[in-house]
Structure formats: C-alpha cells, structure tokens
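Hi everyone, thanks for making the time. I'd like to walk you through one model today, so let me put it on the screen.

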Amino acid sequence: MLKEFKEFAMKGNLVDIAVGFVMGAAFKDVVTSFTGGIVSPLIGLLFDTDFKDLRMKLRDGVADETGKIVGEVYLEHGQFITNVLDFIIVAFVMFLVVKGVNKMKKPEEAPAEEPAGPSQEDLLAEIRDLLSKK
C-alpha cells in the first residue's frame, strides 16, 4: 500500500497541482495587497471613505459597565466587495496563465487514420467474382 501511495504521490500531474496550489496561494497575497493598497483607495475616493471600511449599521449597541459599546451589528459590504474583486482578479490571471500554458503545449497530434480498405463496391465486386467462379 505504501508503494502504491508513493507512485500516486509522485505522478507528474499531482506534483504540478501541488506546485500550482502553492503558487496560487502566494499570488492571492499579492492580489490582496494590490486590491487593498491600490484599488480600494481609488474606489474609496468615489465614496469619500476607505473602501474596505464601507459598512452599514444594522443594530445599535449598548454601553456596558466600562462604557464600551457592545452588541453593534454591521453589514460589511466594503470588505465583501474587496474580496469579490480579489477573486475576480485571481480568476482572470489564472485564466490567462492556463491559456498561455495551453498555447505553449505542443499541439496533440491527430490519431493516425487507419489505412483505407477497399470500398463497399470493391468488396461486392470481389464477392461476385468469387461466386461466379464456382
């Protein structure tokens, strides 16, 4: 069983997937910093606030004995939109990577056609000739 697992784990496709997964995770951090540091502030200019901080209060909180407000509930749509932008950017870049890799791959050769045999008419003519000899 250990030998089978080793063969499975060392297959080229599995190793490629693992490398792609690690690179994708690292790339996600780059995209997150791009979205949070560049895209969000630019979009935030439109709303005159930090885009990630866009939120709507759903319920007011109450002050506890220390004076701290607790129990406030917010709908954080700015963070959600930022995460959607991250996903779209990552998905688009991965699409471009896959498209580029597919272009670089050697085109698969079409399977060789089987040699064409005699046509139906030829076979029927041969059968006719064989029957006429008897």
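Let's begin with helix α4, which covers residues 120-133. It has 14 residues, and from its first C-alpha to its last it reaches 20 Å, close to the 20 Å expected at 1.5 Å a residue. How many of the residues of α4 are buried? The number is 0, so α4 lies largely in the open. Please keep in mind as we go that this is a predicted model.

Now let's zoom out to the protein chain. Its secondary structure comes to 4 helices and 4 strands, and reading along the sequence you get the pattern α-α-β-β-β-β-α-α. The radius of gyration is 32 Å, whereas the globule rule gives 14 Å for 134 residues. That is well over the rule, so the chain is more spread out than a compact globule. You can see it in the box as well: taken along the principal axes, the C-alpha atoms fill roughly 115 × 45 × 30 Å.

What share of the 134 residues is buried? Buried residues make up 8% of the chain. As for contacts, take those between residues at least 6 apart in sequence: 38% of them join residues at least 24 apart.

On to the part I suspect you've been waiting for, the pockets. The largest pocket holds about 310 Å³ of space. Two elements give two or more residues each to its lining, namely α2 (12-47) and α3 (77-104). Which one gives the most? That is α3, with 6 residues.

If you want to pick the lining out on screen, look for D16, G20, M23, G24 and F27, then V93, M94, V97, V98 and V101, and finally N102 and K105. By character, the lining residues divide into 7 nonpolar, 3 polar and 2 charged. For anyone wondering how such space is found in general, rolling a probe the size of a water molecule over the atoms shows where empty space is left.

One last residue before I stop: K99, whose place is in helix α3. Is K99 buried, partly exposed or exposed? Its relative accessibility is 45%, and because exposed means over 50% and buried means under 20%, K99 counts as partly exposed. Compare its position with that of V19: K99 and V19 are 80 residues apart in sequence, and their C-alpha atoms are 18 Å apart in space.

That's my tour, thanks for listening!

Definitions and conventions. Residues numbered from 1 in each chain as written. Predicted model: local features only at pLDDT ≥ 70, side-chain atom pairs only at ≥ 80, totals over all residues. Heavy atoms only, no water. 1 Å grid on protein atoms, 1.4 Å probe; cavity = no way out; pocket = protein on both sides within 12 Å on 5 of 7 lines; lining within 4 Å. Points joined across faces, edges and corners; volume = space filled by probe spheres on them. Nonpolar A, V, L, I, M, F, W, Y, C, P; charged D, E, K, R; others polar. Expected span 1.5 Å × (residues − 1). Buried < 20%, exposed > 50% of the residue type's maximum accessible area, 1.4 Å probe, protein only. Rg over C-alpha atoms; globule rule 2.2 N^0.38 Å. Contact = heavy atoms within 4.5 Å.
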